[in-house]
Each structure stands twice: as structure tokens, then as C-alpha cells.
Amino acid sequence: MTPTLTLKPGKLALTELRAAWTAHGKIALAAEAYGAINASAQAVQDIVAKGDAAYGINTGFGLLAKTRIPDDKLEQLQRNLILSHSVGTGDLMPDHVVRLLMLSKIGSLARGFSGIRQLVIDTLIALYNANIMPAIPVKGSVGASGDLAPLSHMTLAILGVGPVRVNGELMQAADALKAAGIAPVVLAAKEGLALINGTQASTALALHGLFMAERLLEAGMVTGSLSLDAAKGSDSPFDARIHEVRGQPGQIAAAGIYRQLVSNSAIRASHLVGDERVQDPYCLRCQPQVMGACMDLINNAGRTLLIEANAVTDNPLLFQNDDGPVVVSGGNFHAEPVAFAADTLALAIAEIGSISERRISLLIDATLSGLPPFLVRDPGVNSGFMIAHVTAAALASENKSHAHPASVDTIPTSANQEDHVSMATFAARRLDEMAHNTAAIIGIELLAAAQGIDFHRPLKTSPQLEHVHTQLRAQVPFYDADRFFAPDIEAAKQMVLKGELSATCKNLFTALHP
């Protein structure tokens with residue numbers, strides 16, 4: 001069973017987030033967090049009792065910030081806020097993304113700057129542990145002022161309103177809470193705003209994109225190495241000295257991985273002498289430069305997103321002065337860092353697929369690869385990989401359009417009060433489709449490269465890559481003649497998405513990502 005994760009506010013690690021993304025497990029909040037939580041909640045009550053107007057506590061929201069709300073309507077104000085802001089549309093976020101959203105939201109609130117009661121945080125934890133996942137439509141946020149609509153849908157669940165998913169099945173929140181023995185929450189002053197004003201939806205979607213990108217990077221390096229041997233390419237461009245004199249860290253790391261992946265290949269040994277080719281095409285020769293640069297982008301995005309997953313991003317925030325609590329209004333809800341991180345992940349995902357598509361093109365071209373045309377015996381009668389490559393080209397082209405930066409767009413909202421926004425939620429959301437496109441491209445390359453290796457039998461590739469080849473052939477047989485091809489591509493794509501290629505060579509990738 002998955003061990004209980006003890007959340008230490010502000011100290012979530014990427015390894016913990018990856019684990020939650022991979023599988024549901026129980027969580028608990030570190031006991032030392034409750035002191036700050038309770039002090040912050042008490043500060044809100046003190047402000048209400050004092051009677052001074054404070055944004056988000058006893059005023060309206062956005063352009064209505066100057067409207068003072070009577071004390072006897074503060075609970076209604078918070079409930080109305082959630083109901084009116086639950087305006088999302090589109091498909092529901094998958095449970096693994098919702099888990100990331102809830103983890104980062106709980107951790108953010110538990111840092112004690114949001115003025116929210118222990119009861120509310122404990123209820124969120126109870127939902128998470130009961131595997132009651134709020135039904136959150138994926139569309140409807142511009143990434144400032146926070147992810148208001150998605151987080152409102154999250155908050156509906158603890159109110160006992162609207163649908164949730166329990167173990168993947170949709171049901172009404174009221175029924176799910178009752179079955180789990182969880183009492184719905186009545187929100188107090190400031191709590192609704194604290195729950196929905198933040199970047200956790202954008203961050204969760206971007207973290208999903210990050211973890212997908214890591215798998216694609218690893219799989220693309222494995223299939224790229226397999227393609228190198230299938231095309232009888234040279235491993236000389238992986239020489240450490242080449243990469244050390246340039247100094248790019250990702251490139252140096254990637255070259256080292258490529259050297260290990262192709263080490264002790266009998267296919268490589270067979271053409272060390274007498275090969276008339278001087279240099280391989282870039283898609284083989286420049287793999288460390290391209291994939292290393294992608295690695296650097298992915299790791300940089302990971303650092304930004306880890307900071308954001310631990311951040312306090314609602315507004316206003318409560319701080320303690322010598323003379324008591326003070327409410328400070330700012331703009332941490334603006335998700336520009338997340339938007340930039342998501343945009344760079346989009347570039348990496350697109351490029352991983354782009355260079356993979358080029359290797360497929362090389363392998364099916366007999367004049368470049370030395371392999372049978374379109375990687376099939378009796379070409380003409382058989383079309384082989386001809387149209388599989390067309391699919392890869394179509395997906396690579398789609399990703400080029402998707403890779404256009406979302407962060408450069410903005411559209412004013414809330415009657416021009418919120419006049420510059422990040423578009424981080426879309427920037428992150430489109431990463432999933434891009435990742436599936438690239439996974440299909442890499443899957444097609446895996447099939448093509450394995451086909452090429454089979455044509456070199458009885459020679460074998462490296463021991464690492466032979467394991468990959470065996471793993472594929474356990475699911476997809478050699479393509480000896482034309483057959484219904486789509487199931488083969490789907491099987492290979494799923495191997496990429498599930499991380500099965502990198503799992504085969506896991507010792508090479510354990511230190512790849514921070």
C-alpha cells in the first residue's frame with residue numbers, strides 16, 4: 001500500500017507530487033502546521049469583530065471591493081461567491097490532475113497566511129483520503145485573478161453541492177460526503193476567497209504536462225538510440241569531449257545517456273570499418289544537442305512549478321505586525337510564472353516529437369537508412385510504414401501550432417479591473433494533447449526502429465536496447481506484411497505514455513530530473 005504522505009506546508013517535493021500523480025494515497029498534515037493556521041483564522045475573526053473594512057473579509061470582490069458587507073451576511077457572501085464563480089465548462093479534469101490541485105491547495109492554505117480555519121483544511125484532506133475528487137471542468141480560467149472557476153468547482157465539493165467522482169464514478173457531492181461520514185462546510189469570512197483565489201489549477205495542469213514531458217524525453221532518447229542502430233549510424237557524435245567544450249548541462253547529460261544506451265552494440269561494431277558515410281543526418285547526429293536542450297527546459301520548468309506548488313497565491317494575505325494582524329492586498333494570483341513554464345514545456349514536447357518524426361522519415365527512406373523501402377519486405381505489394389509516417393508528420397505539424405506561446409495573450413476581465421491576465425490555464429491545459437501527439441510519434445518510431453533492428457538479425461543491438469526490443473515484441477509482432485496497423489501504434493504509444501521504455505532502462509534516468 002502507498003504510505004501516507006505527511007504534508008509539510010511549503011516543502012512539497014517533486015518526487016511527492018509525481019507519486020500523487022501516479023497513484024492515489026492517503027495524506028496527513030504535519031502537526032506543526034496547525035499553529036499558524038489557527039492564528040491566521042483568529043486574525044480574520046479579530047478583524048470582523050473590530051468592524052474595519054478589509055477586502056475579501058467584509059467587502060465585495062473585484063470591482064465590488066468598495067461595497068461593505070454586513071456581518072450577518074458574511075457567510076452568505078462566501079457561499080454566493082462559490083456558487084457564482086462555478087462557471088467552468090468542458091471536460092472534467094482527470095483525477096490525477098485533481099489530486100495535484102488539491103495537494104498544492106491544501107499545502108498553500110496550511111502555510112497560515114490565508115485566514116482559513118483548520119476545519120476547512122481538514123475537510124479537504126478528508127475528501128482527498130476518501131478518494132472523493134471534485135468534478136472540475138478544465139476550461140474557464142484566464143490565470144488571473146487566480147483560477148477562480150476551477151477552484152470554485154473544487155470548493156463546491158466541501159459544501160456538498162454539485163457532482164464529484166468517487167473511485168472514478170460520478171455522483172452528487174452531498175451523497176458522497178454522507179457516505180464517507182464527512183460533514184459539509186459552512187464557509188466563514190474570507191474562506192471562500194482563500195479557496196478560489198490561487199494558481200493551483202494552472203499549476204496542477206502544468207505539473208501533469210511536466211511529468212508527461214519527462215516520460216517523453218526519456219522515451220525519445222531510447223527510441224532515438226534504437227533508430228541510430230537501425231540506420232547503422234555512428235556513436236562518435238556522443239563523444240564526451242564534444243559536449244564538454246560546449247558546456248550545456250543538458251547536452252552533456254544527454255550525451256552520456258546516449259553513450260550508455262548504445263554501448264556494446266554488435267550492430268555498431270559491424271560497421272566500424274569500411275563504412276563510407278562521413279556524417280549522419282542531424283536527427284541522429286544532433287540528438288544530444290536537441291534532447292539536452294529539451295532536458296534543460298523541462299528541468300527549468302520543474303523548478304518553477306515546484307515553487308508554485310508550494311506557494312501562497314491567494315489574495316489578500318494576512319501577516320502579523322507588532323500591533324496585530326494586517327491584511328495586505330497584492331497579486332500572487334497572477335499565474336505568469338506558470339504560463340511561462342507551460343509555454344517552455346510546450347516547446348520541449350513539440351521538439352521531442354519533431355526530431356522523432358525526422359528519424360521515422362529517415363528509416364523508411366532506403367537511400368538514407370539502407371533498410372528495405374518503408375521497412376517491409378516485398379514493397380509495392382506492401383506499403384509498410386509509409387502512412388504511419390504520414391500520421392507522425394500530421395501530429396508533429398499539429399504540435400507546432402499548439403506550441404505558440406499562450407502567455408503572450410491577454411484579455412481584460414472584471415470591467416477592466418483585472419486588465420492583464422496570464423492565460424496560464426490554457427497554456428498548461430494544451431500540454432496534454434501535445435504530449436499524446438508526441439507519444440504517438442515516438443510510438444511509431446519505436447515500431448520503425450525495432451523493425452530496422454529485426455532486419456539486421458542475427459546481429460544484436462546493445463543489451464539495454466535489446467530489452468526494449470523484447471518488451472515491444474511481447475506486444476507487437478514483426479511487421480512481415482501489411483495488416484491493420486492502428487492497434488500496433490496504440491500499443492506502442494501506451495508504452496511511451498506509461499513510462500515503460502524508460503522503466504526498462506531506469507538506471508540511466510534516475511538522476512535525470514530534479
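## Close-up views of a predicted model

**View 1. Ten residues, listed here, surround the largest cavity.** Phe-385, Leu-447, Gln-451, Arg-473, Val-476, Pro-477, Tyr-479, Arg-483, Phe-485 and Asp-488 line the largest cavity. Please keep in mind that this model is predicted. The space inside the largest cavity comes to about 40 Å³, and the structure holds 1 cavity of 30 Å³ or more. What kinds of residues make up the lining of the largest cavity? The lining divides into 6 nonpolar, 1 polar and 3 charged residues.

**View 2. Three strands form an open sheet in the order S4-S6-S7.** The pairing in this sheet is antiparallel. Strand S4 (132-134) and strand S7 (169-172) stand at the edges, and each has a single partner strand, so one side of each is left without a neighbour in the sheet. On average, neighbouring strands of this sheet are turned by 40° against each other, direction ignored. As a reminder, strands of a sheet pair through backbone hydrogen bonds, either parallel or antiparallel.

**View 3. Here we look at strands S6 and S7, with helix H7 alongside.** Strand S6 (residues 163-166) pairs with S7 in the antiparallel sense, over 4 bridges. Which residue in S7 is the bridge partner of Arg-165? It is Leu-170. Helix H7 (residues 173-180) lies across S4, S6 and S7, and runs at about 95° to S7.

**View 4. Helices H5 and H6 cross at roughly 95°**. Two packed helices are described by the angle between their axes and the distance between the axes. For helix H5 (residues 118-129) and helix H6 (residues 148-159), the axes come within 10 Å. Angles from 65 to 115 degrees count as roughly perpendicular, and H5 and H6 are therefore roughly perpendicular to each other. From H5, Val-120, Thr-123, Leu-124 and Leu-127 take part in the contact, meeting Met-154, Ala-157 and Ile-158 in H6. The residues of this contact divide into 6 nonpolar and 1 polar, with no charged residue.

**View 5. A hairpin links strands S8 and S9**. Strand S8 (residues 317-321) and strand S9 (residues 324-328) run antiparallel and are joined by 5 bridges. How many residues does the hairpin use to join S8 to S9? The connection passes through 2 residues. To follow the pairing, start at Leu-317, which stands opposite Val-328 in S9. Then look for Phe-319, whose bridge partner in S9 is Val-326.

**View 6. Two cis peptide bonds can be found in loops, one ending at Ser-145 and one at Pro-458.** The peptide bond from Ala-144 to Ser-145 is cis, with omega near 5°. Where is Ser-145 placed? Ser-145 is in the loop between strand S5 (137-139) and H6. The peptide bond from Arg-457 to Pro-458 is also cis, and its omega is near 15°. Pro-458 has its place in the loop between helix H18 (424-455) and helix H19 (463-473).

**View 7. Lys-232 has a positive phi**. Most residues other than glycine have a negative phi, and most peptide bonds are trans. Lys-232 is not a glycine, yet its phi is about 50°. You can find Lys-232 in the loop between helix H9 (200-230) and helix H10 (240-244).

Methods. Residues numbered from 1 in each chain as written. Predicted model: local features only at pLDDT ≥ 70, side-chain atom pairs only at ≥ 80, totals over all residues. Heavy atoms only, no water. Pairing = 2+ DSSP bridges. Axes fitted to C-alpha atoms, helices over the stretch in contact; angles between N-to-C directions. Contact = heavy atoms within 4.5 Å. Parallel < 35°, antiparallel > 145°, perpendicular 65-115°, else oblique. Nonpolar A, V, L, I, M, F, W, Y, C, P; charged D, E, K, R; others polar. 1 Å grid on protein atoms, 1.4 Å probe; cavity = no way out; pocket = protein on both sides within 12 Å on 5 of 7 lines; lining within 4 Å. Points joined across faces, edges and corners; volume = space filled by probe spheres on them.
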